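Subject: Handing over the structure

Hi there,

Here is the structure I promised to pass on. Have a look at it first, and then read on for what turned up in it.

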Amino acid sequence: MLILIVDDEPQIRKLLQTGLIGHGYEVVTAADGVEALTAVRQHHPDLLVLDIALGSGPDGLDVCQRLRQWSQVPIIMLSVHGDERSKVQALNAGADDYLTKPFSMKELQARIQAVLRRVAMEPATTPTATIVVGDLKIDLAKHLVTLAGEEVHFTPIEYDILCLLATHPGQIMTHRTILSKVWGADYADMTHYVRIYINQIRKKLQEDPAANVRYILNEPGIGYRFVDIA
Amino acid sequence: MFFKDSPHFRTLLRPLMAVGLAILVTIPLWRIRDALTLANFSLIYLLLTLVIAIWLGTVPSLMAAFVSFFCFNFFLIKPYYTLTVADPRELLDLFIFLLVALITGQLAAYARRQAEVARHRASEQNILYELSSAFNRLNEREDIYRTLQNVVQENLPVVTCTVQASHETAPPDVDQTTIYLLIGMNEQVYGTLRANFSAQPVEAQRRFLMACVVQAAMALQRIELAEDVQRSRAIEEADRLKTTLLHAVSHDLRTPITIIKTAASNLQSLREQMSPVEKQEIAQVIEQEADTLNRLVGNLLDMSRLQAGALKLHEDWTAVSEIAGDVAAQAWQRHQSTRIRLDFPDDMPLVRCDQGLMLQALGNITNNALRYEPPESQVEIRGAFDEQEVQLVVVNHGATILPEEKTHIMEPFYRGGDGQIGLGLAISQGIVAAHKGRIRVEDTPGGGATFIIILPRSPMEGQTDADIDRG
């Protein structure tokens, strides 16, 4: 597995490189956007770890947008706390995940694994599959949702949202993505629709965050993420 | 209607009235002229002249004196209906009457003018007094300009009056009927007034206008001074904050840095003598302290952003139960047990807020509550709402906060009983205030503190559930 690290801070590049090599990956690095685009063409990495802020030239967001025109290489964006706008933009531009600085090597390693696993199993998530998380079981073929063996009834929209999230475990779905996939592109700005429905779905799934029973995770200001079925 | 007297009334009607009155008085005198003496006639006409002088002024009193003199001579002194006088003594009486009538008339009219001026002055004073007390109540510049304009329009014969906050200094094309004044104090100009009179304004009107403008300038200066005071208070507050910030930086930031530095240098110089377990422990310490440092720096940044008013809200419709759920899940992650009880009504409305910031606000308050929660009980996070507001209630069952502590608990850098610097609650307070909400601290019945985040409900742009069910 070859990973391309793009960060303008030499120290961070070096530490990430050491850490990832230690975890058994091969690593190439780039210090700015132009170098990053060249490196992708040259080395064909399996995954990009891409910082949003890249000093001069094209920033991480630009790199992500340009890459998506011809490449589906998985991208994990790095950003600092509080920059929700850029994160949403990056995700809408096609980034697969993001990580907020500072993060631990363990977190990065987990995210990389999750993204790579998702890419590997993508063709497997056909409508015939069955998704199982804890007590929750979603039979995509029969449109049947059960909780500890008991059938749970959902309205068509609730079911669509749940399926959309559950078929992309661990992957962030922005409000905009959910709206345009479930309601249609015209509804992309009506984020309160999503909130009302997620709220209802959660009640039916009997989530209890205080006891760590959660299926749908919040990404404040960005969207939702179904728990990763690792 | 002060100063607004019709000029025609003065110049035409009043003298005519004086003449009419003189003739009117003559008629009964003429009927009984044989029963009265010359002295009676003179005194009655003198009285009339005096009354007219006081009532109607100088010119009418002059008219009255001359008409009286004529009527007296023509109708009441023998030979009747001629202007000749038989007795030369009577002729002397008649001329003395005219002289006395003229003098008393003038004196009375003068007295009347004085009284009128005094009355005008009093009325002017009264208006100015009311104006200044009105100005004292106003705190907006725009209101002052408007009030000044209204007062001028109501009390002076102006065609137009415009008051502007502009600072132009050169009076543009001013003619005889236009007065252009700068509203200013001590070389400081707050605006301009341009009054267009229907006729050339008299001195008293000018003076009154100036007095109004001075009052307005004083009021505007007062507002400016008040703003200055507020500004300098804000600067003082920022200064105080900077000092406490420096203290905090020097102590609370240096501690984790010291630990990290020591741990790293130990690892560097002693790594050969260390067991793998020891190395692992040191690495853990470094990571922990880096987290502490990160949290502190984040808080300091947030605090300074809040203080500088540089916090940008990305508001969106948000389910507060979602935020509470995240807080509860975070608590579970940290404690690996259920330390929080959630209770939200099914019909809890959405609120417009910045979800990330509100998560931080509720998180800080909840973490504070968890720190003082007895191990056998749980912190409650409840939702409540009415027509106007949505409430997030965080209930702790520990010790009750002392009343004097309650007033300080939300202040930045306030150190509670455990000596930790308190930025969390101050940040929560700032975030909630930025959402036009407030935080209330109450005693929990049976001991403990209850924090209530109160947020205003914003109207939902008319959509119904039917609307949501797929267009």
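A good place to begin is a right-handed β-α-β unit in chain A, made by β3(A), helix α3 (residues 60-68) and β4(A). Please keep in mind as you read that this is a predicted model.

Let me stay with β3(A) for a moment. This strand covers residues 47-51, and five of its five residues are buried. Which residues lie on each face? Leu47(A), Val49(A) and Asp51(A) are on one side, with Leu48(A) and Leu50(A) on the other, and all of them are buried, so that both faces of β3(A) are covered. That fits a general pattern: in a regular strand the side chains alternate between the two faces of the sheet.

β3(A) also has partners. Strand β1 (residues 2-6) of chain A pairs with β3(A) in the parallel sense over four bridges, and in that pairing Ile3(A) stands opposite Leu47(A). Strand β4 (residues 75-80) of chain A pairs with β3(A) too, again parallel and over four bridges. There, Val49(A) has Ile76(A) as its bridge partner.

Some of these names come back in the largest nonpolar core, which has 56 residues. Val6(A), Val49(A), Leu50(A), Cys64(A), Ile76(A) and Met77(A) have the most contacts inside this core. Where does the core lie? Domain 1 (2-122) and domain 2 (125-226) of chain A both give residues to it, so the core lies between them. Leaving aside neighbours within four places in sequence, Val6(A) is in contact with a set of residues that includes Ala30(A), Ala36(A), Val49(A), Leu54(A) and Val63(A). Apart from this core there is another, of 44 residues, among them Phe344(B), Leu359(B), Leu362(B) and Ile381(B).

Now for chain A as a whole. The chain has eight helices and twelve strands, and buried residues make up 36% of its 230 residues. Of the contacts in chain A between residues at least 6 apart in sequence, 56% join residues at least 24 apart.

Chain A also holds an open sheet of four antiparallel strands, in the order β6-β7-β8-β9. β6 (130-133) and β9 (150-151) stand at its edges with a single partner strand each, so one side of each is left without a neighbour in the sheet. Inside the sheet, β7 (residues 136-139) and β8 (residues 144-147) of chain A run antiparallel and are joined by four bridges; Leu136(A) has Leu147(A) as its bridge partner in β8(A).

Next, the place where the chains meet. The contact takes 28 residues from chain B and 21 residues from chain A. On the chain B side, α7 (276-307), β4 (316-318), α8 (320-335), β5 (340-343) and α9 (355-371) each supply at least two residues. Which element of chain B gives the most? That is α8(B), with seven residues. By type, the chain B residues of this side divide into eleven nonpolar, ten polar and seven charged.

One last residue to look at is Leu38(B), in helix α2 (residues 38-56) of chain B. Is Leu38(B) buried, exposed or partly exposed? Leu38(B) has 16 other C-beta atoms within 10 Å, so it counts as partly exposed. Leaving aside neighbours within four places in sequence, Leu38(B) is in contact with Glu90(B) and Asp93(B). Asp93(B) is 55 residues away along the chain, yet the C-alpha atoms of Leu38(B) and Asp93(B) are separated by 8.3 Å.

Enjoy exploring it!

Best wishes

Methods
Residues are numbered from 1 along each chain as its sequence is written. Chains are lettered from A and ligands numbered from 1 in the order in which they are written. This is a predicted model: local features need pLDDT of at least 70, side-chain atom pairs count only at pLDDT 80 or more; totals for chains, interfaces and linings use all residues. A nonpolar core is a set of buried Ala, Val, Leu, Ile, Met, Phe, Trp, Tyr and Cys residues joined through C-beta atoms within 7 Å. A residue is buried if 20 or more other C-beta atoms lie within 10 Å of its own, exposed if 12 or fewer, and partly exposed in between; C-beta atoms are placed from the backbone. Domain bounds come from an automatic or database domain assignment. Two residues are in contact if their C-beta atoms, placed from the backbone, lie within 7 Å. Two strands pair if DSSP finds at least two bridges between them. A crossover is right-handed if, with the strands pointing away from the viewer, the path from the first strand over the helix to the second runs clockwise. Ala, Val, Leu, Ile, Met, Phe, Trp, Tyr, Cys and Pro count as nonpolar, Asp, Glu, Lys and Arg as charged, and the others, Gly among them, as polar.
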